[in-house]
Each structure stands twice: as structure tokens, then as C-alpha cells.
Amino acid sequence: MKQQTQGSRLYLISIVLVTIIGGLLFGYDTAVVSGAEKALESFFRSGLGELYTAGWHGFTASSALLGCVIGGAISGFMASHLGRKRSLIAAALMFFISAVGSWMPESGILPYGEPSMTLLVVFNLYRVLGGVGVGLASAVCPMYIAEISPARIRGTLVSCNQFAIIFGMLVVYFVNYMIRNALGDTAEMIQTAMVEIGWRRMFLSEAVPAGTFALLILLVPETPRFLALKGHDERAFSILERINGTEAAKSILAEIKSTVHEKREKLLTYGLAVIVIGVLLSFFQQAVGINVVLYYAPRIFENMGASGDASMIQTVVMGIVNIIFTVVAIFTVDKVGRKPLLIIGSLGMMIGMVALAVLSFTDTIGLTALIFIIIYTASFMMSWGPICWVLISEIFPNTIRSQAVAIAVAAQWIANFLVSATFPSLSAWSVGGTYCIYALMSLASAIFVWKWVPETKGKTLEEMSKLWKK
């Protein structure tokens, strides 16, 4: 049998590029509502009047997050029973159905264009289904990439999934902007058309990347670690050999096999600490308030003095900054390490939020506010954005990874939902006070990482068992 001295970098990169389309859809689905939420509010309020309260709007704008909690919670069962690949196929189908259903929630049954409580419920059900796909993809995409990547570049490749998430958000900001501007020549025409058809087209646009992902994911292999845990050693070795070369593949497979006898281990075999740390990583990633900025970006900029096209353009500028600083994380995570970047990012976010709180209390708007929003989001994107997912995908031992990741991701989406759904009410109480809460959470996240999170740079996934047994 011919030996492969080196693995194929091209093969590995092609697999990762297909997998991160799931990350792109994660970003696309969660951010598409940012351009549509005001039109949605006008649409449903035109038929429901006072029944469509601020609470209902907060829920409608963030209902996909409820599905994300469900998707995160079931990801462990699906990943361990169906496999990582089949779980991603299921997520792709959910994205597609949600996109088409959100475009036309009447589904050919309810009267078209007549807002009612039934239509509101059906629309939210389609958004929840898309959220289940997001929750599933958010857990399984980084898990898949971590399990297929060599240890020396694992952090970089898993961080590429965050790049795809942010790129998906940036793409949807552009798509929303183009859809909005294609609706008419005057602000009044655009506003009317947005309420009638604009928001529908924004949701339908997701069907294109969702359909592409569903087709391409069929071409990637299952992860070698899942195959080895299921006893398919030859298939696992074949994939490992193609990625790492023959000798390295033998060594990696032997390491994986050394953990297979433990496959009946219970969730708390390695103690409660590993689960708690995973959950708190997820909690702090959301509690710092990042998704408030991402989901409500156009409205925040409008409140700060921008209007119409200006607020959308500022949102796109912010998206480009996010891309740049995610790239910073990609190129430093396997060199600098996970902990230093997280701590630096936390402190940067705290500075950004404190400044925004002061600006809010003094009623100062304009370029200064935009600068501090950029400082805040840049700090998040070069740290907690990608690196939280890197840690969640790698920190748990092989035998409990799918279950533990499911718990951590479900906790993340619960926190995400609570932060996003409560923002309208909190901002009605005090915008500055809300930013102060996020600043305190940023400080707490730095202390948590400094005290309790272990450094995992350069360690193989099999070494995680030894790390936690210590």
C-alpha cells in the first residue's frame, strides 16, 4: 500500500470551506432580521394595532433565538447518533424551509398580506425552525472542523467559522440594503414597499446560500473521530491519511482509539468544572451584549442621529470592521493563545460600553458614538467571537464532546435570547444604564477567563481527557 508522506492541505481546506457555509448561514439567518424588523413592526401593527406590543415585537425580532436554544439542545443527540455530517444536512434543510416560509408565512392558506395573530404565530414558527437550524449548525460546524483539523492549526480553522458567521452578516447587510433601495426612488415609496414586500424578499434571499449548503455538504466526509468511535476504523484512517499523511494518521488513530474504550463515560466523568466552564464561556459571549449591537444595528444608528441610507451604510462599515478583526483572531489564536486574546477583548469591550453609556447619558450622538461601537465590536471579533467557539469545540474530551457541546451551545442561545429580547424594554428604561450592564459583564468575563479557563493552544483533542483528569 502506497504511503502518503504528507497530507493534502487542499483537501482539508476544501472540506472546511464547505463546512463554514453553515457558519455563513448562522450569521445570515440571525442578522437578516436587522433590516426587516422595522417593516415587520409596521406590517403587523397595521393589522393588530395595540395588540402588537413592544414585547411582541421583541419576541418576533428574536424568535429565531428560541429555535437556536432547541437546536443547540438537540445537537448532542443528533451529532452522536446521526453523525456530524447528517446533522449539518438537517440544518441546511431547516434553513431552506425557514427562508421560504418566512417569505410567505401565509403558506397558500391564510389570506395574503392580511396581518393577523394567526399569521404572526405562523411567521414566528418559521423563524423558530430556522433558529433550530442555526442552533444545530452553531454546535456542529465548529465540532466538525475541530475533529477534522490537525492540532497545530485547529484554532485557526475553527476561527474561520466565525469569519463565515460575520461574513454572512455582512452579506445580508448588503443584500438588505440593495433590496431596500430597489423598492423605489423616494423615502416614502421605499417605506411603503418595505412594509408590503421588502421584508419578505429579505427573508427569501437566504434560500440561495441554504440550497447551496444542502448540496455541497453531501460531498464532505464524516469526521474520523466520529467514525472511530462508531468502530469504522478503516474509513477513519483513510480520511486522516488524506489530511495528515500516513504516519501521522496512524498515530492520531491510535490516540483516538485509546479513548474509544471510554465511550460509555457519563457526562460528569471529568467533573462538573469542565461543564460549568463551557456553559460560562457561552454565557459571557452573549451577556456582553454583542447581539444587541448586531441585531438592532440600523435602529441604534438611527437613534444616534443617522437616518435611512446613512444608518444602513454605517451598519455595513461596522460589518467590514468585524471581518478585519476576525481575521486578526484567525492569525493569532494559534500563536498568542486563547486566554490572552479573550482577556484583551473583554477589556476592550468594557471600554467601548462605558464610553457609549457616557455618551448616552450626555445625549451625545454622531461620529464619536460610531467610533466606540467599532472599538467594542472590534474587541469582540478579535476575541470572544471566534475564540469562544474554538474553546467550546475543543475543550471537552472526545467521549463527552457531543453532549457537553450541546449543553454549552443551548446555554449560549438561552443567554442570546434573553439579552436580545430584553433589549427593547431595557433601552426604554435607560439606554445608558443598559450599556453599563454590558460593561460590567465584559469586566466579569475577563476575570472569569483569567481565573478559571485553561489554555488549550497546541493540545490534541485526545489530550483534553488528561487535562481534565488532572
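**Figure 1. E222 sits in the loop between helix 7 and helix 8 of this predicted model.** Helix 7 covers residues 207–216, and helix 8 covers 224–229. E222 is buried yet has no salt bridge. The nearest side chain of opposite charge belongs to R84, 5.1 Å away. That distance lies outside the 4 Å cut-off for a salt bridge. What lies close to the polar atoms of the E222 side chain? The backbone nitrogen of R84 is 3.1 Å from one such atom. The backbone nitrogen of K85 is 3.2 Å from a polar atom of the E222 side chain. Beyond neighbours within four places in sequence, E222 is in contact with L82, G83, R84, K85, L227 and I239.

**Figure 2. The whole protein, as a setting for the close-ups.** The protein has 20 helices and zero strands. Its radius of gyration is 22 Å, close to the 23 Å that the globule rule gives for 470 residues, so the protein is as compact as a globular protein of that length. The C-alpha trace spans about 70 × 50 × 35 Å along its principal axes. Of the 470 residues, 60% count as buried. Take the contacts between residues at least 6 apart in sequence: 84% of them join residues at least 24 apart. The accessible surface comes to about 18200 Å². Carbon and sulfur atoms account for 68% of that surface.

**Figure 3. S445 is a buried residue of helix 19.** The helix runs over residues 431–452. Is S445 buried or exposed? Its relative accessible area is 0%, so S445 counts as buried. Which residues does S445 touch, leaving out those up to four places away in sequence? They are F284, V288, S346 and W384. G27 gives a reference point in the chain: S445 and G27 are 418 residues apart in sequence. In space, their C-alpha atoms are 23 Å apart.

**Figure 4. S107 has a positive phi in the loop between helix 3 and helix 4.** The loop follows helix 3 (84–103) and precedes helix 4 (117–148). The phi of S107 is about 55°, although S107 is not a glycine. With a relative accessible area of 33%, S107 is partly exposed.

**Figure 5. D29 and R127 meet in a salt bridge.** The N to O distance between the two side chains is 3.5 Å. The pair links distant parts of the chain. D29 lies in helix 1 (residues 9–48) and R127 in helix 4, 98 residues apart. Both D29 and R127 are buried.

**Figure 6. R45 and E41 form a salt bridge within helix 1.** Their side chains meet at 3.2 Å, N to O. The two residues are four apart, about one turn of the helix. R45 counts as partly exposed, at 34% relative accessibility. E41 has a relative accessible area of 15%, so E41 is buried.

**Figure 7. E247 and K250 pair within helix 10.** Here the salt bridge has an N to O distance of 3.7 Å. Helix 10 covers residues 246–260; E247 and K250 lie three residues apart in it, about one turn of the helix. K250 is partly exposed, with a relative accessible area of 41%. Elsewhere, salt bridges that share partners join R154, D334, R338 and E394 into one network. How many salt bridges are there in total? The count comes to nine.

Definitions and conventions
Residues numbered from 1 in each chain as written. Predicted model: local features only at pLDDT ≥ 70, side-chain atom pairs only at ≥ 80, totals over all residues. Heavy atoms only, no water. Buried < 20%, exposed > 50% of the residue type's maximum accessible area, 1.4 Å probe, protein only. Lys, Arg positive; Asp, Glu negative; His and termini not counted. Polar contact = N/O pair within 3.5 Å; in protein donor to acceptor, adjacent residues only side chain to side chain. Contact = heavy atoms within 4.5 Å. Rg over C-alpha atoms; globule rule 2.2 N^0.38 Å. Areas by Shrake-Rupley, 256 points an atom, 1.4 Å probe, with all protein chains shown as cover.
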